[in-house]
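Reader: I would like to learn how to read the contact between two chains, and then the enclosed spaces in a model. Could we take these topics in turn?

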Amino acid sequence: MKTSMNTTSEMTTGNRKEWLSFLLLAFIVLPTVMVGAIAIYGFAVWGLQILVFGPPS
Amino acid sequence: MIKNLYRTVKNLFQRPSTKIGLGVLVMGGFIAGAIAWLGFNTALHATSKEEFCLSCHSMHDNLLPELQKTVHWSNRTGVRTRCSDCHVPHNFTDKIARKMQASREVWGELIGTIGTREKFQEHRIVLARREWKRLSANGSRECRVCHDYKDMDFNVMRPASQVAMRRAAERDESCISCHKGIAHQLPDMKGAHNPAFDTLVSAASGQNIEAGGEYFAILPRDLFTDPQMTQKIGLLEVGAKVKMLETQGNMQRVELDLWRKNKGYGRVWYSQFGLNITSAILEKTVSRDDNLVKVLEAQEDLLTGLEWQRVKAEVWMQAESLLASPEPIWSIARSSYSSSCSTCHRQPQEAHFDANTWPGLFGGMVGFTSMDEDTAKVVLKYLQNHSSDFSETAHGNDATKGAVQTARP
């Protein structure tokens, strides 16, 4: 992003871009990452149960 | 591409936002986080609901009607279980792992592994074993959310239940050890297969067979009049003793030297005089056929007044189903006997009863175990062949140890 903010058009594009990435991150990307991480955790535990620990006690 | 992604992420974290205020960012992030967590929990909860489980055909058509017939569905107290109460672990880690395991079930539903009632019945033993294993490992934790030993008043139980339950509580026994099939039908054990028999089969295929030798059947085998297997004339039971005559390719001619009661068709042949240890069962059409069956001698059983005949027959059977010693067969039976029977009570010593008492006793109890048909047969044969009729010290070494039920309420 450029530091010069002379024209209004540049201001609005920068503004919109920032808002877009903020909303995208907060409401879509990070929740997806959270669900994905929990799923991976679940699969890892399951895999370990099959290979090492056996069913949970 | 990866470098680009790395740079984007790095910029995201290092470059301060120029247009949006810090408060807005923090608040937005906070709200988004709260919504995400709420959504996640709602989804977790929704996938544990009965409606969700029953949305699959295999659940709705098979397991629901079965559950509806049990006390866990409808009872006088109006407390009822839902799928997840028993089948979904209650703590976070195990619950998440179980949810991921369900991906396998979703896949099964999609490709129709248990798409029909028949397929389900066939596959049920696999599913049941998986769940039994899980509940054994965690000591039936899910059952004990509602039914825990420490909260039970043994005094209001029926006397017979008291005995069993007090002993179980003493050992902290897992509920599933005795209460299999409490919420769904038990699997059909006939189709089940005890993996221990595989070792017997491989031992039998390596067994050196000599004509004139005596061998023992490792599994029930069909008997034929000829090596082409044109006429089936009966069934040789597991553990039965035969004398080898000759081998022709995949078939063997053996001699049966057994006893039968001279009554009716005389179809059932026993290994000893006067003892109901079944060794072979012949078809009605041939059991009185003098060409096949030679009667060697007759003797009266004074206890019953029945005449017993020592009979001989030469029959054909499939090769690779015999062992020179019955011990490997008995050792499978012994381990099955001690593990299956001791879950609910101390198992009696083999020699505590005689060979003619065991079948009735065993027949009454085997329904409580998860033995498949072949295993049940071999265990009964084992018990009969190690009963007091064959033991040097009558009633075993220590008569007090053999009592079926020693505890009193």
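Reader: How much area do chain A and chain B bury between them, and what share of it is on carbon and sulfur atoms?

Author: One begins with the area and then asks what kind of atoms make it up. In this predicted model, chain A and chain B bury about 2,400 Å² between them, with 75% of that area on carbon and sulfur atoms. The side of chain A that touches chain B divides into 19 nonpolar residues, five polar and one charged. As for the residues that take part, the contact draws 25 from chain A and 29 from chain B.

Reader: Which polar features should I then look for, and how many salt bridges does the rule find across the interface?

Author: Across the interface of chain A and chain B the rule finds zero salt bridges, while the count of residue pairs in polar contact, with both residues at pLDDT 80 or more, is four.

Reader: Turning to enclosed spaces, how many cavities of 30 Å³ or more are counted, and which residues line the largest cavity?

Author: Here one reads the volume together with the lining. The count comes to two cavities of 30 Å³ or more, and the largest holds about 50 Å³ of space. Its lining includes P56(A), along with R134(B), R141(B) and E142(B), and divides into two nonpolar, three polar and four charged residues.

Reader: Which helix gives the most to the lining of the second largest cavity?

Author: That is helix 6 (residues 92-111) of chain B, with four residues. This second largest cavity has a volume of about 40 Å³, and among its lining residues are Q49(A), P56(A), R98(B) and Q101(B); the lining divides into three nonpolar, two polar and three charged residues.

How values were computed:
Residues are numbered from 1 along each chain as its sequence is written. Chains are lettered from A and ligands numbered from 1 in the order in which they are written. This is a predicted model: local features need pLDDT of at least 70, side-chain atom pairs count only at pLDDT 80 or more; totals for chains, interfaces and linings use all residues. Side-chain values use heavy atoms; hydrogens and water are left out. Contact means heavy atoms within 4.5 Å. Buried area is the accessible area (1.4 Å probe) that two parts lose on being put together, summed over both. A salt bridge is a side-chain nitrogen of Lys or Arg within 4 Å of a carboxyl oxygen of Asp or Glu. A polar contact is a pair of N or O atoms within 3.5 Å; within protein, one must be able to donate a hydrogen and the other to accept it, and residues adjacent in sequence count only if both atoms are side-chain atoms. Ala, Val, Leu, Ile, Met, Phe, Trp, Tyr, Cys and Pro count as nonpolar, Asp, Glu, Lys and Arg as charged, and the others, Gly among them, as polar. On a 1 Å grid over the protein atoms alone, a cavity is a set of points where a 1.4 Å probe fits but cannot get out, and a pocket is an open set with protein on both sides within 12 Å along at least five of seven lines; lining residues have an atom within 4 Å of a point. Grid points are joined across faces, edges and corners, and a volume is the space filled by probe spheres set on the points. Helices (H or I, at least four residues) and strands (E, at least two) are DSSP runs, numbered from the N terminus.
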